[in-house]
Amino acid sequence: MSKVVEGLFYSPDHEWVKKLNEEEVLVGITDFAANELGSIVFVDIPEEGDSIKAGAEFGAVESVKAASDLVSPVTGEVIEMNDDLVGEPELVNEDAYGAWFVKVKLTNPEELDNLLSADEYKKLI
Amino acid sequence: MQENLKTCLYEEHVKLNAKIEEFAGFLMPIVYTNIKAEHNAVRENVGMFDVSHMGEFIVRGEEATKFVNNVFTNTIEEKANGSVTYGMMLYENGTIVDDLLVYKVNNEEYLFVVNASNIAKDYSWVVNQTDGFDVTVSNVSSDYSEIAVQGPNAEVKVKELLNLDLTDLKFFHFGSYEFQDHLLLISRTGYTGEDGFEIYASEAAISELWQIFVKGGITPCGLGSRDTLRFEAALPLYGHEISNEITPLEAGLKFFTKIDSETDFIGKTALINQKATGLKRRVVGIELTKKAIPRATYPVYKGEEEIGYITTGYLSVTLNIPIALAMLKKEYAKKGTEIEIKIRNKMIPGFVRDKKFLKKNYKTKGV
């Protein structure tokens, strides 16, 4: 059974969003997504200063077998990328909710209202 | 829609919690635990694959040797009874119908082992070539189930679990063996670059062997690791390095053809012409110098020019470097040529290298 953490926002594309303050969020992929992919061997994530757009591809997470696009749940500017994942992508399998991909400064913080709650996401998977 | 087929081991895969997907019309295990662990089991110890989906044809008749010579790229006449030969069947234009193993029982009987995805196409093609030959071809695919036991400890483990001593079975040879009431056809062949065996038998026998092997500690491996293993050994896969649009010369498989001999075979003239006019493209090895994963179909560039595409690529499980097989224009196929691969709109640098990603670990002594 895949873990879903209360208090996060979720996208139907299996990304989670954690609110740090009014403007900044962390983005990662859910435990369900990590399990579906199997052993993750590579992550391709945007760098500081890159813009990302809700609903658009912003990178990829790759298992041995296949690459899966990351679809951004939010719009904004990447203010930090998680370098640890580049060296140790297996962290995503070990702790999907600890292994954030990017820290994003939101263009429109109200956008979070469009995402799913933990309960809504649970029903989806 | 046609319902997917199941091998006789399907229930075993379900029991082992395998991730199951359709492949070539069969519901096959892709991975049981994780691809890396299964891959490493084969490189370092011993693993096994359900390959019952593979196709088998029996070619029989007074002119069987003459017939096989004509449809098969590799030499067969001089081969001993009990030998296994890798080669291809070609269309007249030199492109590949399929690659296969030919088991020589004797001059009047051969067993063809073909790709699951090509069974129907191959069978109808082979049967169409029988005109004028005293030979019959039967598709016995549903009578043959198969397990591949692969890895450096395959021989020891088979001896321990089945009490069958395969020490004297040479590389690319086969024999008949008895296990309890079952008759097994075993060859020292595989698709991993490691020593190992392919065991053909009835559904009842294969089901029994599988359970003995699982209990005995042989790691069940899915199609996921089968692909990463064969790729590191640079063994071609139909639909990737070879296809009905690619010739053996382009795929770098000339060694498995008899184009330099007197013997004719279907497609030979086209290959000779292609050799004479010069190849336009060929399959090469590529290594990336920046970490990224080159996947099949990604385009390869030299400057602005698209010069080819990736046929198979991985972050190599054994070597932990991004490597690929790619079909490149001949002028860029030279080792050391710097190229770029377009991965999700980024250009990732790399270079052309040999395809010997990994030293093959075959037991070829005494062959």
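Here are a few questions and answers about salt bridges and a pocket in this predicted model.

Me: What makes the contact between D44(A) and K346(B) a salt bridge?
Reply: Happy to explain! The N to O distance of this pair is 2.6 Å, and a salt bridge requires a Lys or Arg side-chain nitrogen within 4 Å of a carboxyl oxygen of Asp or Glu, so the name applies. The pair crosses between chains, with D44(A) in strand β4 of chain A and K346(B) in strand β20 of chain B.

Me: Why is D44(A) called buried?
Reply: Its relative accessible area is 10%, and buried means under 20%, so D44(A) qualifies. K346(B), at 37%, lies between the 20% and 50% cut-offs and therefore counts as partly exposed.

Me: What about K275(B) and D260(B): why does that pair count as a salt bridge?
Reply: Their closest N and O atoms are 3.7 Å apart, and the limit is 4 Å, so the pair counts. K275(B) sits in helix α8 of chain B, while D260(B) is in the loop between α7 and α8, 15 residues apart.

Me: And why is D260(B) exposed?
Reply: With a relative accessible area of 59%, D260(B) is over the 50% cut-off, so exposed is the right word. K275(B), at 46%, is partly exposed.

Me: How do you know which residues of the second largest pocket's lining are charged?
Reply: Asp, Glu, Lys and Arg count as charged, and eight residues of the lining fall in that class, beside ten nonpolar and two polar ones. Among the residues closest to the pocket's centre are D44(A) and K346(B).

Terms used
Residues are numbered from 1 along each chain as its sequence is written. Chains are lettered from A and ligands numbered from 1 in the order in which they are written. This is a predicted model: local features need pLDDT of at least 70, side-chain atom pairs count only at pLDDT 80 or more; totals for chains, interfaces and linings use all residues. Side-chain values use heavy atoms; hydrogens and water are left out. On a 1 Å grid over the protein atoms alone, a cavity is a set of points where a 1.4 Å probe fits but cannot get out, and a pocket is an open set with protein on both sides within 12 Å along at least five of seven lines; lining residues have an atom within 4 Å of a point. Helices (H or I, at least four residues) and strands (E, at least two) are DSSP runs, numbered from the N terminus. Buried means under 20% relative accessible area, exposed over 50%, partly exposed in between (1.4 Å probe, protein chains only).
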